[in-house]
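Thanks for sharing this one. Here are my notes, point by point, to read alongside the sequence and the structure.

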Amino acid sequence: MSELVCRTLELLAENKDGFVSAVKNIFNTRTMATLKINDLSVGDWVYYKEGNTPYSIRSIYRTGMQDCVVLNDEKYSDGVIAFVDRLTPIPITAEMLVKNGFGKKTSTQDQLLRIVEPNGNMPFIGYRWDSRRVIIERDNDYMLRVKAEYIHQLQHVLRLAGIDKEINL
């Protein structure tokens with residue numbers, strides 16, 4: 001047996017939970033998640049070619065039987081053409097939410113992050129980690145409560161609610 005297989009079996013025997021966690025890290029969901037052209041909109045943020053550089057989508061089109069997008073790229077003013085099957089979604093992270101104005105809500109719901117806006121006209125925008133849901137409400141009435149695991153999904157929810165909020169990465 002190969003050394004890698006032997007070491008893998010040893011890890012499994014020693015600590016099943018640790019092994020499962022390690023395997024999940026190796027086969028991270030980002031590489032397994034697939035996008036379809038109907039999942040995307042102009043302005044969405046995605047990864048290209050399993051990289052860690054985020055790109056925003058400039059345009060979406062179909063050529064022959066292939067779904068394509070043009071990605072904004074600082075190096076090329078015309079953008080970069082990419083097949084949709086080479087794109088992966090960007091998971092929502094606490095760092096990204098904080099960078100975009102989300103902060104801890106002062107309540108017993110420590111799983112809830114909300115947009116901190118000085119403008120009182122802005123509706124409440126929250127993100128619950130436990131259920132992976134975006135919550136948008138005005139005057140304590142729910143306007144939307146939608147599952148969103150990826151940044152492009154968060155962008156769609158905000159647009160659907162009529163909230164013009166640029167997401168920065």
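1. Surface first. The protein chain exposes about 11000 Å², and carbon and sulfur atoms supply 50% of that area. Accessible areas here come from the Shrake-Rupley method with a 1.4 Å probe, and for residues only the protein chains shown count as cover.

2. A word on the ground rules. This is a predicted model, in which local features need pLDDT of at least 70, side-chain atom pairs count only at pLDDT 80 or more, and totals for chains, interfaces and linings use all residues. Residues are numbered from 1 along each chain as its sequence is written, and side-chain values use heavy atoms, with hydrogens and water left out.

3. Overall make-up. The protein chain has five helices and ten strands; these are DSSP runs numbered from the N terminus, with helices being H or I of at least four residues and strands E of at least two. Of its 169 residues, 35% count as buried (buried is under 20% relative accessible area, exposed over 50%, partly exposed in between, with a 1.4 Å probe and protein chains only). Among contacts with a separation of 6 or more, 36% join residues 24 or more positions apart, a contact being heavy atoms within 4.5 Å.

4. Salt bridges. The structure holds three of them, each a side-chain nitrogen of Lys or Arg within 4 Å of a carboxyl oxygen of Asp or Glu. The one I would look at first pairs R159 with D44, with the closest N and O atoms 3.0 Å apart. R159 sits in helix α5 (residues 151-160) and D44 in the loop between α3 (29-32) and β1 (45-48), so this pair ties together parts that are 115 residues apart in sequence. Their surroundings are worth a look too: D44 is buried, at 0% relative accessible area, whereas R159 is partly exposed, at 36%.

5. The other two bridges. D67 pairs with R62, their closest N and O atoms being 2.8 Å apart. Here D67 is buried, with a relative accessible area of 19%, while R62 is exposed at 52%. K147 bridges to E149, with 4.0 Å between the closest N and O atoms. K147 is partly exposed at 45% relative accessibility, and E149 is partly exposed at 33%.

6. Helix α5 and what follows. Which residues of α5 are buried? They are I151, H152, L154, Q155, V157 and L158. As a reminder, an α-helix has 3.6 residues a turn, so residues three or four places apart point the same way. Just after α5, G162 takes a positive phi of about 75°.

7. The aromatic pair. A search of the whole structure finds one such pair: Y48 and Y55 meet edge-to-face, 6.2 Å centre to centre and with 85° between the planes. For the criteria, rings of Phe, Tyr and Trp (its six-membered ring) pair if their centres lie within 6.5 Å, and planes under 30 degrees apart count as stacked, over 60 as edge-to-face and the rest as tilted. Both Y48 and Y55 are buried.

8. The loop between β1 and β2 (54-63). E50 is found in this loop and is exposed, with a relative accessible area of 57%. N52 lies in the loop as well, and is exposed at 60%. Each has a C-alpha distance to T88 that you may like to check: E50 and T88 are 6.9 Å apart in space and 38 residues apart in sequence, while N52 and T88 are 9.9 Å apart in space and 36 residues apart in sequence.

9. The largest pocket. About 230 Å³ of space lies in it. Of the 15 residues that line the largest pocket, the closest to its centre are L35, V84, D85, R86 and L87. The elements giving two or more residues to that lining are β3 (66-71) and β5 (87-89). A pocket here is an open set of points on a 1 Å grid over the protein atoms alone, where a 1.4 Å probe fits, with protein on both sides within 12 Å along at least five of seven lines; lining residues have an atom within 4 Å of a point. Grid points are joined across faces, edges and corners, and the volume is the space filled by probe spheres set on them.
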